[in-house]
Amino acid sequence: MTKTSAEIVAERRQSTLNALSRYYSTHDLQAERAEVEQETRRQERKAKRAESGKLTEHEEQCLFVQWLEAKGILYFSVPNGVVFGGSKDSIARYRSYLRSEGLIRGAPDLVVDGGNGRALLIEMKSASGSLAPDQRELHESWRSRGYVVLVCYGHEDAQRQTEMARHSTQHGQ
């Protein structure tokens, strides 16, 4: 029995659809497996840091922000550590866009209400972190103009320095 051309086209079409289905299901599974493995490695690294008592700068800042919120202290974050995705051209365009709005290298991570209309500019670091040269330079420039710039090594240090700075501004020091 000979097949009609319509039957042959239908078989080829079905064969192609089956091949595409196998291809995409395999690649979707591979991508999903890679995402799961990446997340597992990230969670393992995070668990090791927690066991060792070493937190990242991000984790330290998150804990400090939670403390600020619990105390009802106003604050905002400066998005100077933004990680961009996309093509090199789109990253360059977006970085240029943010710079045109005032984003500068070395800016402190947080601006916190210091009391009595004063702002505290807070640079968060992990316990083992250090300032980059552009941060050091910008911080000195702000200090020379009378601003309070705090470099805090961990959330507990940030809490201590913030309380001290707020106390001194509230008592006119």
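How many residues does helix α5 have, and how far does the helix reach from its first C-alpha to its last? Select residues 155-170 and you have helix α5, which has 16 residues and reaches 22 Å from its first C-alpha to its last, close to the 22 Å expected at 1.5 Å a residue. The expected span of a helix is 1.5 Å times one less than its number of residues. Helices (H or I, at least four residues) and strands (E, at least two) are DSSP runs, numbered from the N terminus.

Before going on, note that this is a predicted model, in which local features need pLDDT of at least 70 and side-chain atom pairs count only at pLDDT 80 or more, while totals for chains, interfaces and linings use all residues. Residues are numbered from 1 along each chain as its sequence is written, and side-chain values use heavy atoms, with hydrogens and water left out.

**Stop 1: the buried residues of α5**

Stay with α5 and show its side chains, among which those of His155, Asp157, Ala158 and Gln159 belong to buried residues, as do those of Gln161, Thr162, Ala165, Arg166, Ser168 and Thr169. Buried means under 20% relative accessible area, exposed over 50%, and partly exposed in between (1.4 Å probe, protein chains only). Now add the elements that the buried residues of α5 pack against, namely α2 (57-71), β2 (110-115), β3 (118-125) and β4 (148-153); contact here means heavy atoms within 4.5 Å.

**Stop 2: the sheet**

Next, select the strands, four of which form an open sheet in the order β1-β2-β3-β4, with mixed pairing. Two strands pair if DSSP finds at least two bridges between them. At the edges of the sheet you will find β1 (75-77) and β4, each of which pairs on one side only. Neighbouring strands of this sheet are turned by 25 degrees against each other on average, direction ignored.

Look now at β3 and β4, which pair in the parallel sense over six bridges. To find one bridge between residues, select Ile122 and then Leu150, its bridge partner in β4.

Two helices can then be added to the view. Helix α2 packs on the sheet, where it touches β1, β2 and β3, and its direction makes about 145 degrees with that of β3. Helix α4 also packs on the sheet, touching β3 and β4, and the direction of α4 makes about 145 degrees with that of β4. For these angles, axes are lines fitted to C-alpha atoms, for helices over the stretch in contact, and angles run from 0 to 180 degrees between N-to-C directions.

**Stop 3: salt bridges**

How many salt bridges are there? The count comes to seven, where a salt bridge is a side-chain nitrogen of Lys or Arg within 4 Å of a carboxyl oxygen of Asp or Glu.

Begin with Arg105 and Asp134, which form a salt bridge whose closest N and O atoms are 3.2 Å apart. This pair links distant parts of the chain, since Arg105 lies in the loop between α3 and β2 and Asp134 in helix α4 (residues 133-144), 29 residues apart. Arg105 is exposed, at 63% relative accessible area, whereas Asp134 is partly exposed, at 25%.

Returning to α5, select Arg166 together with Asp113, for these two form a salt bridge with their closest N and O atoms 3.9 Å apart. Asp113 lies in strand β2 and Arg166 in helix α5, so the pair ties together parts that are 53 residues apart in sequence. Asp113 is partly exposed at 29%, while Arg166 is buried at 17%.

Then move to helix α4, where the side chains of Glu140 and Arg143 meet in a salt bridge (3.0 Å, N to O). Glu140 and Arg143 are three residues apart in this helix, and so are separated by about one helical turn. Finally, select Glu57, Glu123 and Lys125, which are joined into one network by salt bridges that share partners.

**Stop 4: aromatic pairs**

The structure holds three aromatic pairs. Rings of Phe, Tyr and Trp (its six-membered ring) pair if their centres lie within 6.5 Å, and planes under 30 degrees apart count as stacked, over 60 as edge-to-face and the rest as tilted. One of the pairs is Tyr94 and Tyr97, which is stacked, at 5.8 Å centre to centre and with 20 degrees between the planes. Both residues lie in helix α3 (residues 88-100), three residues apart and so separated by about one helical turn.
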